[in-house]
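User: I am new to reading structures, and I would like a close look at a single part. How much space lies in the largest pocket, and which residues are closest to its centre? Please add what helps me see the helices and strands around the chain, too.

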Amino acid sequence: MSGPIQAEPLAGTRVRLIPAAVEHVPALAAVFSDATVGRWWPAADPVAEARDHVEPEADRAVWVVEVDGAIVGIIQASEETEPDYRHAGIDLALVAAAQGRGLGPDAVRTVARWLFEVRGHHRITIDPAAANTRAVRAYAKVGFRPVGAMREYVRGPDGTWHDGLLMDLLRGELGDG
Ligand SMILES: CC(C)(COP(=O)(O)OP(=O)(O)OC[C@H]1O[C@@H](n2cnc3c(N)ncnc32)[C@H](O)[C@@H]1OP(=O)(O)O)[C@@H](O)C(=O)NCCC(=O)NCCS
């Protein structure tokens, strides 16, 4: 719980989460190049975005998502360390071929459990675009509840601002899937 957050290998039901490292840059660049990912997680330069995620700041931990030996996505956890506001946030993206198979909830549940049990958090947030109905459904399956709309929260690839949906999950609310 103490000390900066640092990714460690984690196993979900079907996903393996491996701490992101330099050798994962090509696989992560492929994730960020996927058009279905770019719609919700725009990266002007996928290789630069990948490099940024294998050398995260001290308040972030990043994993590659592996399924059946192939890297199919990225998931990260970031911590607010101010003691009176302490909580963590999660972001993730899976390539098109890995979507719609329940792998996203598996990965989120795995990181959320680690944040509660190992990092000692009591609250986790996630903030999909309000229009990203699949993401909202996926996170609700894990136990996240909608808090409310954050108006004009995120700029989309079309250059305009879009609403986000703040969702949160408290310790004890994590679903089994
Ligand atoms: C969002 C994401 C993480 C969800 O993970 P996933 O493994 O694909 O999610 P699931 O397979 O559990 O599907 C979630 C739910 O959405 C539903 N769904 C599937 N495709 C959908 C679609 N195109 N539109 C709306 N809902 C859809 C599924 O039916 C499922 O609900 P159900 O289990 O009640 O039937 C993943 O799809 C993804 O990475 N997408 C691209 C990038 C992205 O959007 N990242 C999130 C940024 S916050």
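Analyst: Let's begin with the pocket, then turn to helices, strands and a few single residues.

One thing to know at the outset: this is a predicted model, where local features need pLDDT of at least 70 and side-chain atom pairs count only at pLDDT 80 or more, while totals for chains, interfaces and linings use all residues. Residues are numbered from 1 along each chain as its sequence is written, and side-chain values use heavy atoms, leaving out hydrogens and water.

The largest pocket holds about 1000 Å³ of space. A pocket here is an open set of points on a 1 Å grid over the protein atoms alone where a 1.4 Å probe fits, with protein on both sides within 12 Å along at least five of seven lines, and lining residues have an atom within 4 Å of a point. Points are joined across faces, edges and corners, and the volume is the space filled by probe spheres set on them.

Of the 40 residues lining this pocket, W40, L92, N132, A135 and Y139 are the closest to its centre. By type, the lining has 21 nonpolar residues, nine polar and 10 charged. (Ala, Val, Leu, Ile, Met, Phe, Trp, Tyr, Cys and Pro count as nonpolar; Asp, Glu, Lys and Arg as charged; the others, Gly among them, as polar.)

Which elements supply the wall? At least two lining residues come from each of α2 (35–38), β5 (87–94), α4 (103–117), α5 (133–142), β7 (145–155) and β8 (161–170). Helix α5 gives the largest share, with seven residues. These names follow DSSP runs, numbered from the N terminus: helices are H or I with at least four residues, strands are E with at least two.

Two strands of that wall have a residue to visit. In strand β8 you can find D168, which is buried because its relative accessible area is 17%. (Buried means under 20%, exposed over 50% and partly exposed in between, using a 1.4 Å probe on protein chains only.) Beyond its neighbours within four places in sequence, D168 is in contact with R123, I124, T125, G143, F144, R145 and V147; contact means heavy atoms within 4.5 Å. The C-alpha atoms of D168 and A140 are 9.5 Å apart, though 28 residues separate the two along the chain.

Strand β7 contains E152, which counts as exposed because its relative accessible area is 55%. Its phi is near 45°, a positive value in a residue other than glycine. Most residues other than glycine have a negative phi. D68 also has a positive phi, near 50°; it sits in the loop between β3 and β4 and, at 77% relative accessibility, is exposed.

One of the contacts of D168 was R123, found in strand β6 (residues 123–126). At 23% relative accessibility, R123 is partly exposed. Not counting residues up to four places away, R123 touches H87, A88, F116, D168, L169 and L170.

Now for two helices. In α1 (25–33), the buried residues are V25, L28, A29, V31 and F32. Seen down the axis of α1, they fall within an arc of 155°, so they line one face of the helix; the arc is that of the directions from the helix axis to the C-beta atoms. They pack against α2, α3, β3, β4 and β5.

Helix α3 (residues 46–54) has P46, E49, A50, H53 and V54 as its buried residues. Their arc is 135°, so they too line one face of their helix. Their packing partners are α1, β3 (60–67) and β4 (70–80). At the start of α3, a side-chain oxygen of D45 comes to within 3.2 Å of the backbone nitrogen of V47.

Strand β4 is the home of Q76, buried because its relative accessible area is 7%. A polar contact of 3.4 Å links the side chains of Q76 and H53; such a contact is a pair of N or O atoms within 3.5 Å, one able to donate a hydrogen and the other to accept it, and residues adjacent in sequence count only if both atoms are side-chain atoms. I71 is in β4 as well, partly exposed at 27% relative accessibility. Beyond four places in sequence, I71 touches H24, A27, V64, V65 and E66.
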